[in-house]
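Here's a walk through this structure, from the overall fold to the ligands and the charged pairs. Have the viewer open as you read.

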Amino acid sequence: MAETLISPDHRPVAVKASGPIRLVGLGRKEIAQHLTDLGEELRIEPKKVRMRTKQIFHWIYNYGVTDWDQMTNIAKPMREKLAQYFSLERPEIVERLVSEDGTRKYLIRMSPGVEVETVFIPDVSKTGALCVSSQVGCTLTCKFCHTGTQRLVRNLTPAEIVLQVIIARDDLGEWPTTQENRKLTNIVFMGMGEPLYNTQAVGDSLDTICDPEGLGIGRRRITVSTSGVVPEIGPMGERTSAMLAISLHAANDELREQIMPINRKYPLKDLMQACRDYPGLSNSKRITFEYVMLKGINDQPWHAKQLIKLLKGIPAKVNLIPFNPWPGTDYECSDWETIEAFADQVNRAGYASPIRTPRGRDIFAACGQLKSESEKKRASDIRKDVRASEELS
Ligand code: SAH
Ligand code: SF4
């Protein structure tokens with residue numbers, strides 16, 4: 001087969017060395033570039049590249065096709081040629097866990113040694129959020145976060161971010177995009193890694209995720225969460241128009257430095273200024289401040305008072321996250337009454353302050369718990385239990 005893949009002028013083509021090029025995950029520009037590069041072999045005239053790109057993009061991202069023959073508005077000979085050079089394959093799902101509460105967790109192998117976790121969290125209402133990873137590991141070392149104990153393996157590419165959405169859509173059976181009552185309605189960058197240390201890939205991935213002819217998720221349904229990489233906050237907002245979430249967790253520099261070392265580089269004063277300047281900020285486009293409840297550390301009434309003062313004048317909502325313990329952590333989750341009292345205090349000051357319900361605990365799908373070896377072992381035991389109970393029911 002290799003011979004047939006040598007171009008007429010004996011120029012070896014990419015497919016010979018590394019196999020077909022995976023188009024799934026790529027943006028319009030990249031698809032067009034590949035079609036241009038292989039234009040001669042594929043017999044696509046330069047003036048037809050745009051039209052072909054549009055067709056292929058629509059089939060991949062609106063219909064989720066996995067077979068070239070499903071692209072019925074492309075003639076068979078052309079489909080055969082495309083199939084020779086390009087693939088519609090998904091990366092391997094190494095592990096798939098489904099929680100009793102409907103939360104789904106996927107471990108996806110993007111390339112050898114590069115495994116990424118993605119979690120789908122259905123809401124009680126009709127919506128559901130996919131929690132995507134932007135990096136494998138993290139360079140930051142927030143003390144309460146399990147990802148923070150792992151070194152950075154590498155940044156994910158835009159395609160690898162998009163593929164997380166594709167895999168969830170496949171699994172949920174949510175093709176085509178135009179299907180009514182899809183559950184995967186929102187995307188949150190709250191998986192592994194710091195998205196603002198990979199802004200280019202996050203921005204490019206969103207161009208595909210939000211494309212109305214593709215995955216069609218509105219930009220207001222995208223939330224990018226950051227630990228506070230101040231210089232990137234404004235540019236990210238300009239580039240993506242996404243909603244912003246700040247992992248705050250403490251409202252004074254001394255405590256925040258202790259639990260989030262990035263605060264030494266970008267203290268609260270600068271962080272809050274970047275929030276005030278966030279593009280498009282308004283009462284209908286509020287910033288979410290995430291606040292993980294750590295027993296005896298940041299959960300007292302005076303902490304809430306400081307928080308209220310810090311947020312003054314910013315259209316904000318506070319998400320209180322019960323701490324998810326992981327093996328080896330020094331922290332504990334605050335008592336439920338303490339969390340409720342904290343929530344009431346913040347609420348009385350005029351800020352919505354929902355307490356995030358822990359989801360997918362039985363499959364270790366919680367934030368800050370992604371991809372840990374010890375946990376995986378335990379999770380695989382639990383999976384057996386879940387399977388057993390599924391079989392029983
Ligand atoms: N790096 C980004 C996004 C990934 S973390 C950030 O820090 O914002 C997503 C959210 O999970 C953050 O708010 C983070 O602080 C929180 N988190 C991390 N570990 C946690 C844990 N063990 N329990 C609860 N929330 C945690
Ligand atoms: Fe990295 Fe976010 Fe975890 Fe901090 S909380 S270590 S920034 S993933």
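Of the chain's 393 residues, 54% count as buried. Bear in mind that this is a predicted model. The secondary structure adds up to 14 helices and 13 strands. If you look at contacts with a sequence separation of 6 or more, 65% of them are between residues 24 or more positions apart. On the outside, the chain exposes about 18100 Å², and carbon and sulfur atoms supply 51% of that.

**Ligand 1**

Let's start with the first ligand. Which residues come nearest to ligand 1? There are 22 residues around it, and G193, S225, S247, H249 and E290 are the ones that come nearest. Sorted by class, the residues of this shell are 11 nonpolar, nine polar and two charged.

Some polar atoms are worth picking out. A nitrogen atom of ligand 1 sits 2.9 Å from a polar backbone atom of G193, and a nitrogen atom of the ligand is 3.0 Å from a polar backbone atom of F144. On the side-chain front, S225 has an N or O atom 2.6 Å from an oxygen atom of ligand 1. How much of ligand 1 does the protein cover? On its own, the ligand has 530 Å² of accessible area, and the protein covers 96% of that. As for where the shell comes from, the elements that give two or more residues to it are β10 (222-226), β12 (287-293) and β13 (316-322).

**Ligand 2**

Ligand 2 is surrounded by C138, L140, C142, C145, G148, G193, E194 and S227. G193 is thus in this shell, and G193 is also among the residues that come nearest to ligand 1. By class, the shell around ligand 2 splits into four nonpolar, three polar and one charged residues.

**Salt bridges**

Next, the charged pairs. Searching the whole structure turns up 19 salt bridges. Here are some of them, with the distance between the closest N and O atoms:

| Salt bridge | Closest N and O atoms |
|---|---|
| R109 with E92 | 3.1 Å |
| R154 with E160 | 2.8 Å |
| D204 with R239 | 2.7 Å |

Take R109 and E92, whose closest N and O atoms are 3.1 Å apart. R109 lies in strand β4 (residues 104-111) and E92 in strand β3 (residues 92-98), so the pair ties together parts that are 17 residues apart in sequence. Both ends of this pair have some access to the outside: R109 is partly exposed at 29% relative accessibility, and E92 is partly exposed with a relative accessible area of 46%.

Is each partner in the R154 pair buried or partly exposed? R154 counts as partly exposed at 25% relative accessibility, whereas E160 is buried, with a relative accessible area of 9%. The cut-off here is 20%: E160 counts as buried because its 9% is under 20%.

The D204 and R239 bridge has its closest N and O atoms 2.7 Å apart. D204 belongs to helix α7 (residues 199-209) and R239 to helix α8 (residues 230-240), so this pair ties together parts 35 residues apart in sequence. D204 is partly exposed at 27% relative accessibility, and R239 is partly exposed too, with a relative accessible area of 36%. Elsewhere on the charge map, salt bridges with shared partners join R28, K54, D211 and E213 into one network.

**Helix α7 up close**

Helix α7 has come up through D204, and A201 lies in it as well. A201 is buried, with a relative accessible area of 5%. What does A201 touch, once its neighbours within four places in sequence are left aside? Its contacts are L156, T157, P158 and I161. I161 is 40 residues away along the chain, yet the C-alpha atoms of A201 and I161 are separated by 8.0 Å.

A201 has company: in α7, the buried residues are A201, V202, G203, S205, L206, T208 and I209. An α-helix has 3.6 residues a turn, so residues three or four places apart point the same way. Within the buried set you can look for that spacing, with A201 and S205 among them. The cover over the buried residues of α7 includes α4 (49-63), α6 (158-172), β9 (186-189), β10 and α8. Two of these names have appeared already: β10 is one of the elements that give residues to the shell around ligand 1, and α8 holds R239, the partner of D204.

Note on methods
Residues are numbered from 1 along each chain as its sequence is written. Chains are lettered from A and ligands numbered from 1 in the order in which they are written. This is a predicted model: local features need pLDDT of at least 70, side-chain atom pairs count only at pLDDT 80 or more; totals for chains, interfaces and linings use all residues. Side-chain values use heavy atoms; hydrogens and water are left out. A residue is near a molecule or strand if one of its heavy atoms lies within 4 Å of it. A polar contact is a pair of N or O atoms within 3.5 Å; within protein, one must be able to donate a hydrogen and the other to accept it, and residues adjacent in sequence count only if both atoms are side-chain atoms. Accessible areas come from the Shrake-Rupley method with a 1.4 Å probe; for residues, only the protein chains shown count as cover. Helices (H or I, at least four residues) and strands (E, at least two) are DSSP runs, numbered from the N terminus. Ala, Val, Leu, Ile, Met, Phe, Trp, Tyr, Cys and Pro count as nonpolar, Asp, Glu, Lys and Arg as charged, and the others, Gly among them, as polar. A salt bridge is a side-chain nitrogen of Lys or Arg within 4 Å of a carboxyl oxygen of Asp or Glu. Buried means under 20% relative accessible area, exposed over 50%, partly exposed in between (1.4 Å probe, protein chains only). Contact means heavy atoms within 4.5 Å.
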